[in-house]
Amino acid sequence: MPKWRCRIMWITRLCARLILFSFGYQWIRRKGKAAPREIAPIVVSNHVSYIEPIFYFYELFPTIVASEAHDSIPFVGTIIRAMQVIYVNRFSPSSRKNAVNEIKRRAQFDKFPRVLLFPEGTTTNGKVLISFQLGAFIPGHPIQPIIVRYPHVHFDQSWGLISLAKLMFRMFTQFHNFMEVEYLPIIMPPDQQKQNAVHFAERTGQAMATALNVVQTSHSYGDLMLLMKAAQLQQEKPWTYMVEMARIESLYHISSLEAEEFLDKFLSMNPDISGCVKLQDFLRVLRLKPCTLSGEIFGFLDVEKNGSITFKQFLFGSAHVMKQPLFRQACELAFAECDAEGDNYCTDKEVCCSFFRFPKFFHGLFDLFDMDNDGRISRDDFFSGLRKNPLLIALFSPKWLHKKDLSKAGDRILEEIV
């Protein structure tokens, strides 16, 4: 950055400190010191509130990596743009790859400010540390972790389900808000950086969790999406629909957007206050009638055998089915058996007569697969329907009709959930 711009930015940094002052942060307790940029070109921090970017802009003047959605946030959006932000679309693989390359490029040259990342990818309540994204760790540069605490008695300053306007109002009306910042020792990258980016992130997370005296969970931004979805649909306990998405993505390669679709399906089953669904509502949404097979499908998910299922069990069970090596092949064979005329389309009559072994037990299933409501099911419609309702593969694949296989699969799911 040119020297003349650095001098001008000092005025902007002073404005950032005045903003902090107006929000009630008259003094901020610090422990430790920031390492020189030449030694640790990347810094990572836990993320509790929208206050941290403002503080780091004043304190370190780094380049920040942020979601494109943050550009419109009052105060914060203006400040992160001044920090030469690296924008990333968390749902775009190409955007994430470009962001990693840009982080690596800026970390290599001293002419750029140090790079700041919030590896959790979202704000938390500060009581736990959630799973880390790997963008800060793939480049393989030394990292200095920084932790932030907000000690309080009456007013929790974390940015959770509270609206930004209400949070800002509460901060303005507090005489003083407490904030503590601690600079932790530098963590050096492993020798084989690409292979050990995950291990690098784990070591950094352990150091930060230990300093914060909290545990690190497998929750991620995907859990926030599920929480917000449940809250928008006025569920009484929206937090019961958080499922540790980082673990599910690792085990089953299910994206957050796919998990949201499964949540929509589950919420259409009218869960009770505790977030559980009974057999009757489960069968209604999947267009099944009570019978031995439909009971076995439900029992496959009801690993605790208490007559109800949670969203976590529904998601784990559905993902477990889709992960099976023969799932795609089973879909292909099922469609081939339905497509009696060989024209790559299935009619209601073909599906009912040619495929379902027990047609009298099932009703309304055709509508689940007829995505465009044209009275017939194309190959894409069929595969999309099974991917959205993978448990229905039990109707098409004979091997799922055996209680022994269902029982073994249920036991495996129970181990994975626990």
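Strand 1 (residues 29-31) and strand 7 (residues 180-183) run parallel and are paired through three bridges. Here, two strands pair if DSSP finds at least two bridges between them, and the strands (E, at least two residues) and helices (H or I, at least four) are DSSP runs numbered from the N terminus. This is a predicted model, so local features need pLDDT of at least 70 and side-chain atom pairs count only at pLDDT 80 or more, while totals for chains, interfaces and linings use all residues. Residues are numbered from 1 along each chain as its sequence is written, and side-chain values use heavy atoms, with hydrogens and water left out.

Back to the strands. Within the pairing of strands 1 and 7, Arg29 has Glu180 as its bridge partner. Strand 7 also pairs with strand 6 (residues 143-149), this time antiparallel, with four bridges, and there Arg149 sits opposite Glu180. Strand 6 in turn runs parallel to strand 2 and is joined to it by four bridges, with Ile42 facing Ile143. Strand 2 (residues 42-45) has a parallel pairing with strand 5 (residues 115-117) as well, over three bridges, and in this one Val43 stands opposite Leu116. As for the side chains of strand 2, Ile42 and Val44 point one way, Val43 and Ser45 point the other way, and all are buried. Buried means under 20% relative accessible area, exposed means over 50%, and partly exposed is in between (1.4 Å probe, protein chains only).

Next come the charged pairs. Side chains of opposite charge can pair when their charged atoms come close. A salt bridge is counted when a side-chain nitrogen of Lys or Arg is within 4 Å of a carboxyl oxygen of Asp or Glu, and that rule gives 14 of them. One of these joins Glu180 to Arg29, with the closest N and O atoms 3.6 Å apart. That pair links distant parts of the chain, since Glu180 in strand 7 and Arg29 in strand 1 are 151 residues apart. Arg29 is exposed, at 58% relative accessible area.

Another salt bridge sits inside a single helix: Arg105 and Glu102 have their closest N and O atoms 2.6 Å apart. Because these two are three residues apart in helix 4 (residues 93-108), about one helical turn separates them. An α-helix has 3.6 residues a turn, so residues three or four places apart point the same way. Arg105 itself is partly exposed, with a relative accessible area of 35%.

In a third example, Glu244 bonds with Lys312 as a salt bridge whose closest N and O atoms are 4.0 Å apart. Glu244 is in the loop between helix 7 (221-232) and helix 8 (245-252), and Lys312 is in helix 12, so the pair ties together parts 68 residues apart in sequence. Glu244 is buried, at 19% relative accessible area, whereas Lys312 is partly exposed, at 22%. Some salt bridges share partners too, and these join Arg29, Lys31, Arg149, Glu180 and Glu182 into one network.

Now for the greasy part. In soluble globular proteins, nonpolar side chains tend to be buried together. A nonpolar core is a set of buried Ala, Val, Leu, Ile, Met, Phe, Trp, Tyr and Cys residues joined through side-chain atoms within 4.5 Å. The largest one has 55 residues, and the members touching the most others are Phe282, Phe311, Phe314, Phe382, Leu386 and Leu392. Helix 12 (residues 311-323) gives the most to this core, contributing seven residues. A second, separate core has 32 residues, among them Ile28, Val48, Tyr50 and Leu60. Leaving aside neighbours within four places in sequence, Leu392 has contacts (heavy atoms within 4.5 Å) with Leu286, Leu288, Leu365, Leu368, Phe369 and Leu386. Helix 11 (residues 292-301) is largely enclosed by the rest of the structure, because eight of its 10 residues are buried. Leu293, Glu296 and Phe300 are among those buried residues.

Finally, how confident is the prediction? The pLDDT (the predictor's confidence in each residue, from 0 to 100) averages 84, and 85% of the residues score at least 70. Over residues 399-406 the pLDDT is below 50, and this stretch has 14 contacts in the model beyond near neighbours in sequence. Residues 409-418 also stay under 50, with 21 contacts beyond four places in sequence. Where pLDDT is low, the predicted coordinates should not be read in detail.
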